[in-house]
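I opened the file to go through strand pairing and backbone angles. My notes are below, in the order I looked things up.

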Amino acid sequence: MRTLDEQETTIVFEKLFKFVGNNLKNIVDNPSYEGPAQDPLPGRYCFRLQKNRVYYASESLVKRATNVSKELLVSLGVQVGKFTHNGNFHLTIHALSILAPNAKHKVWLKPTSEMSFLYGNAVLKAHLGRITEDINAGDGIVVYSMSDVPLGFGIATKSTKDVRKSDPQTMVVIHQGDIGEYLRLEDEL
């Protein structure tokens, strides 16, 4: 387990910024309240790399994890994503717990369309219940159910204005991750 180097940090932050925008500051500066209650100063969260996977964990947890050898350490905190062999960074579904409270752009699916998304399909205009304003093509989107339960995330294919004028069968969000992966990809996660 090691800290991210400058290039890796830039790649991870650029990907997160695509989804949360200026709320990235909330993720980085998030205080951590662990340990004894009498500790007046809260800890902080940090990003660590272990076997090409990036984790978001409190500094106190990272300090305690140094007692475990690298070969035996399986996971640490919340897995945000992983680096591919080519050096690309992909967010994993575990990052949804970080993205959802800080999301800049959101769409809400109709109840009849939730299962389609949870099976890994893209979101069509006909599936939308609501959509936030000021979405541009290529922006990161967090997908919610109509009852505000985060279901996953993806990339916008059209701006909000273009979506309103488009055909009902037009693809609006390209699927990148959903909570159905916990069942479908159980062995890989």
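These entries cover strand pairs, two loop residues and one annotated span.

**Entry 1. Status of the model.** I noted first that this is a predicted model.

**Entry 2. Strands β4, β5 and β6.** I started at β5, residues 78-83. I found it joined to β4, residues 53-58, by four bridges, with the two strands running antiparallel. Within β4 I looked up Tyr 55, and Gln 79 of β5 stands opposite it. I then checked β5 against β6, residues 89-91, and found antiparallel pairing over three bridges. For a marker in this second pair I took Lys 82, which faces His 90 in β6. So that I could follow the side chains, I kept in mind that in a regular strand they alternate between the two faces of the sheet.

**Entry 3. The turn from β5 to β6.** I asked how many residues lie between β5 and β6 in their hairpin. I counted five. Gly 87 sits in that turn, and I read a positive phi of about 90 degrees for Gly 87.

**Entry 4. Lys 51.** Next I looked at phi outside glycine. Most residues other than glycine have a negative phi. Lys 51 is not a glycine, yet I read a positive phi of about 55 degrees there. I placed Lys 51 in the loop between β3 (43-50) and β4. Is Lys 51 buried or exposed? I have it as exposed, because its relative accessible area is 56% and the cut-off for exposed is over 50%.

**Entry 5. Asp 148.** I made the same check on Asp 148, which is not a glycine either and has a positive phi of about 60 degrees. Asp 148 lies in the loop that runs between β10 (140-145) and β11 (150-156). I entered Asp 148 as partly exposed because its relative accessibility is 46%.

**Entry 6. The annotated span.** I looked up the UniProt record, an unreviewed entry, and it places the feature "domain: PUA" at residues 105-180. I found 41% strand and 14% helix in residues 105-180. The end C-alpha atoms of that span lie 21 Å apart.

**Entry 7. Strands pairing with β12.** I took β12, residues 171-178, and looked for its partners. With β8, residues 123-124, β12 pairs in the antiparallel sense over two bridges. The bridge partner I found for Val 123 is Val 173 in β12. β12 also pairs with β11, again in the antiparallel sense, over five bridges. Which residue of β12 stands opposite Phe 153? I found Gly 177 there.

Notes. Residues numbered from 1 in each chain as written. Predicted model: local features only at pLDDT ≥ 70, side-chain atom pairs only at ≥ 80, totals over all residues. Heavy atoms only, no water. UniProt positions renumbered as here; feature names shortened; annotations may be inferred. Pairing = 2+ DSSP bridges. Buried < 20%, exposed > 50% of the residue type's maximum accessible area, 1.4 Å probe, protein only.
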